[in-house]
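Work through three short exercises on the model shown below. Each task is followed by a stepwise solution.

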Amino acid sequence: MDYSKFFSAALNRLHDERRYRVFADLERIAGRFPHAVWHSPKGQRNVVIWCSNDYLGMGQHPKVVGAMVETATRVGTGAGGTRNIAGTHHPLVQLEAELADLHGKEASLLFTSGYVSNQTGIATLAKLIPNCLILSDALNHNSMIEGVRQAGCDRQIFRHSDMAHLEELLIAAGPDRPKLIACESLYSMDGDIAPLARICDLAEKYGAMTYVDEVHAVGMYGPRGGGIAERDGVMHRIDVLEGTLAKAFGCLGGYIAGKADNIDAVRSYAPGFIFTTALPPAICSAATAAIRHLKTSNWERERHQDRAARVKAILNAAGLPVMSSETHIVPLFVGDPENCKKASDILLEEHGIYIQPINYPTVAKGTERLRITPSPYHDDGLIDHLAEALLQVWERLGLPLKRKSLAAE
């Protein structure tokens, strides 16, 4: 039997639906973020990255790079094993303490990625709660969805950030049934923020536990970078906070933070934690350096918000279809997978601008978009160039513009 035909057919389906993914071979240049080298089929080209999740450029911050190099030189590279088998090294222990302090929690637990921390964290917590009902926001990330599925518990989906619908489901579940509400604090495709205070109100009223994914908010919001929960003053009301080290902190890994027994239970039962190698010491030291810096430095957060606001203002003034967003995410509506890919290709090949197309299943069909993420280091010249390039691409592809703002006229 020719098994390869099954895989070829699966790939052909992606091509037919115009959602086959092509990766750009990029080489970032330390100290020159957001500039990078694109290793294109025609050779090396200088480009500007406009869609990185290294939101604050901390992946190239001297303190972070220095901590990584110093630790690798001092103790070596790999962790040497799972946490149970020689992998609980001192830089990792220090990082978990730093994360617990960041979120004002008793303990934290590191995973190899934010995806794994959601997938195995949610599943393990829910499995340990008898007859648990999981209430999950409709727009939760795939990692959360997989965690809910793997829990094997009853689950109900509430309409995105619809508190009336969530309350209906909580009431229907009854006061005696254990319930876990799972949501994100900041949804990265639309850039909207969950009503965390209201979610906490409902959880307390109806006896539910709360699990909040802060991956797109940690480091970015709050006086110490603790996320939306810190900014909104509800950190202490949330049972389990989940975050990543791979976005604003510029490194790698994921984590959960909460009460000591809750975190210890996951540590003791989660297969996605128990049976995988620990994060390397150099990564842990680098992440600790990033967190410590952002706990005391507000320059990156303030400059970042300024840059995001300027990008929105310039693109809106140009009549480009910027989707409404109250955060640093700047989604630009396209609405068609083929045009979305074409726009991305033209921007990269002809303008030296890298913005990856966002198509189904990351977003719903018909809502395809370019997702722009400014950093503190995208200056006015880069922003103006972006707007000019986007206008040329929109005209070339015949994509609709919005009416220009009165200020622009």
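Two strands pair if DSSP finds at least two bridges between them. The model is predicted.

**Exercise 1. Lay out the open sheet of four strands and find its edges.**

Step 1. The strand order is E1-E2-E3-E14, and the pairing is mixed.
Step 2. Strands E1 (26-28) and E14 (353-354) each have a single partner strand, so one side of each lacks a neighbour in the sheet.
Step 3. Take the pair E2 (residues 35-40) and E3 (residues 43-49): six bridges join them in the antiparallel sense.
Step 4. Trp 38 has Arg 45 in E3 as its bridge partner.

**Exercise 2. Determine what surrounds the side chain of Glu 214, and whether its charge is paired or unpaired.**

Step 1. Locate Glu 214: the loop between strand E10 (208-213) and helix H9 (228-231).
Step 2. Glu 214 is buried.
Step 3. Look for an opposite charge. Arg 231 has the nearest such side chain, 8.6 Å away. A salt bridge needs 4 Å or less, so Glu 214 has none.
Step 4. Check polar contacts. The side chains of Glu 214 and Ser 185 are joined by one of 2.5 Å.
Step 5. Beyond four places in sequence, the contacts of Glu 214 include Gly 226, Gly 227, Leu 241 and Glu 242.

**Exercise 3. Describe the largest nonpolar core.**

Step 1. This core has 56 residues.
Step 2. Those with the most contacts inside it are Leu 110, Leu 166, Ile 181, Leu 196 and Leu 245.
Step 3. Expand Ile 181. Among the residues it touches are Leu 135, Phe 158, Leu 166, Ile 199 and Tyr 211.
Step 4. A second, separate core has 35 residues, including Ala 36, Ile 49, Leu 370 and Trp 394.

How values were computed: Residues are numbered from 1 along each chain as its sequence is written. This is a predicted model: local features need pLDDT of at least 70, side-chain atom pairs count only at pLDDT 80 or more; totals for chains, interfaces and linings use all residues. Side-chain values use heavy atoms; hydrogens and water are left out. A nonpolar core is a set of buried Ala, Val, Leu, Ile, Met, Phe, Trp, Tyr and Cys residues joined through side-chain atoms within 4.5 Å. Buried means under 20% relative accessible area, exposed over 50%, partly exposed in between (1.4 Å probe, protein chains only). Contact means heavy atoms within 4.5 Å. Helices (H or I, at least four residues) and strands (E, at least two) are DSSP runs, numbered from the N terminus. Lys and Arg count as positive and Asp and Glu as negative; His and the chain ends are not counted. A polar contact is a pair of N or O atoms within 3.5 Å; within protein, one must be able to donate a hydrogen and the other to accept it, and residues adjacent in sequence count only if both atoms are side-chain atoms.
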